[in-house]
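Q: I have a protein model open and I'm not sure how to read it. Could you walk me through helix packing and pockets?

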Amino acid sequence: MAKTKELSKDVRDKIVDLHKAGMGYKIIAKQLGEKVTTVGAIIRKHKRTVNLPRPGAPCKISPRGAAMIMRTVRNQPRTTREDLINDLKAAGTIVTKKTIGNTLRREGLKSCSARKVPLLKKAHIYAHLKFANEHLNDSEDNWVKVLWSDETKMELFGINSTRRVWRRRNAAYDPKNTIKHGGGNIMLWGCFSAKGTGQLHRIKGTMDGAMYRQILGENLLPSARALKMGRGWVFQHDNDPKHTAKATKEWLKKKHIKVLEWPSQSPDLNSIENLWRELKVRVAKRQPRNLNDLEKICKEEWDKIPPEMCANLVANYKKRLTSVIANKGFATKY
């Protein structure tokens, strides 16, 4: 037997209204052209549900109070639940932190750690945006010619320092449930292109301009040859004073190395940051025991990073530029 079509809400409401006015099932059915059994079922259902209490406790925060909360957190995302409780208390509504949290979640918000981004002044934002606009329409072939570089710090215990464990309440300091911290770190210089990773060099001591130029001489040029960069390749490094020193500029000019003009405070534009993250994850899995072991493992894992990953970072470079433009020059997720 085919299922009959459900009556619209307007018709159901009309049936209930006519019944409240004193009409019987047959009269209502005849007037509306419906079956008597249908009319009876709708009226019986209405009687069962009309006086039922609403499920759950009533909301303590009025729609006006919820709107005030949303307006506050839109303007000041760092507002705490304690601040919101005090605001509502001043307006005559007393609630708990849990109620505040539930209200914000219903509105689609959740508490998250604020992302760490570089401190950007107006000049940085302008340069960031200018670079993105100027290079937005560059072809992928242009980025294939770039040899990207940067320095990074590698902690001995690195990513493991934030690892979570399953334990009982009183077993926090059981050696199996603890992780080491401290232990020192090493500084690394590295480079890569769309064809793969270049050389990785450990920086010993404090790096000055002379040491930087020595690192470039011993690692940049051999990397360019190994990666078969060919003629017309471009070197990318940031605006660290050692990189932009007069002696460094003269050294690069003497070696006939073309340098990509780079906006300050723009790590999100440098694809090598993704490789540093990949390297740190790989190294953490191998759990180095000391700094010399850390250096050895870093170089081994750096060489294992697949060329396909490097090529993909370069192929998708336009997405970074688009993101910078969409965010009006401010820092992006990259």
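A: Sure, we'll go through some helix pairs and then a pocket. Keep in mind that this is a predicted model.

Q: How are two packed helices described?

A: You give the angle between their axes, plus the distance between those axes. Let's try it on helix 1 (residues 9-20) and helix 2 (residues 25-32): their axes are 10 Å apart, and the packing angle is about 140°. That angle makes helix 1 oblique to helix 2.

Q: Is the crossing of helix 1 and helix 2 left-handed or right-handed?

A: Right-handed for helix 1 and helix 2. If you want to find the contact on screen, look for Lys14, Ile15, Leu18 and His19 on helix 1, and for Tyr25, Ile28, Gln31 and Leu32 on helix 2. Sorted by class, this contact of helix 1 with helix 2 has 5 nonpolar, 2 polar and 1 charged residues.

Q: Let's try another pair. At what angle do the axes of helix 4 and helix 5 cross?

A: Use the angle-and-distance idea again. The axes of helix 4 (residues 63-75) and helix 5 cross at roughly 140° and come within 11 Å. So helix 4 is oblique to helix 5, and the crossing is right-handed.

Q: Which residues make the contact of helix 4 with helix 5?

A: Helix 4 brings Gly65, Met68, Ile69, Thr72 and Val73, while helix 5 brings Leu84, Asp87 and Leu88. The classes there are 5 nonpolar, 2 polar and 1 charged.

Q: And how do I read helix 7 with helix 15?

A: Start with the axes: helix 7 (residues 122-135) and helix 15 (residues 317-326) cross at roughly 130°, and their axes come within 9 Å. That makes helix 7 oblique to helix 15. The handedness of this crossing is left-handed.

Q: What does the contact of helix 7 with helix 15 consist of?

A: From helix 7 you have His128, Leu129, Phe131, Ala132, Asn133 and His135, and from helix 15 there are Tyr317, Leu321, Val324 and Ile325. Split by class, the contact of helix 7 with helix 15 holds 7 nonpolar and 3 polar residues, with no charged ones.

Q: Now for pockets. What shows where empty space is left?

A: Picture rolling a probe the size of a water molecule over the atoms; it reveals where there is empty space. Here, the second largest pocket holds about 480 Å³ of space. It is lined by 16 residues, and Pro77, Leu104, Lys110, Ser111 and Cys112 are the closest to its centre.

Q: Which elements give two or more residues to that lining?

A: Helix 5 (81-90) and helix 6 (97-106) do, in the second largest pocket. Helix 6 gives the most, with 3 residues. By class, the lining of this pocket divides into 7 nonpolar, 5 polar and 4 charged residues.

Conventions:
Residues numbered from 1 in each chain as written. Predicted model: local features only at pLDDT ≥ 70, side-chain atom pairs only at ≥ 80, totals over all residues. Heavy atoms only, no water. Axes fitted to C-alpha atoms, helices over the stretch in contact; angles between N-to-C directions. Helix = DSSP H or I, 4+ residues; strand = E, 2+ residues; numbered from the N terminus. Parallel < 35°, antiparallel > 145°, perpendicular 65-115°, else oblique. Left-handed = near helix turned anticlockwise from the far one by under 90°. Contact = heavy atoms within 4.5 Å. Nonpolar A, V, L, I, M, F, W, Y, C, P; charged D, E, K, R; others polar. 1 Å grid on protein atoms, 1.4 Å probe; cavity = no way out; pocket = protein on both sides within 12 Å on 5 of 7 lines; lining within 4 Å. Points joined across faces, edges and corners; volume = space filled by probe spheres on them.
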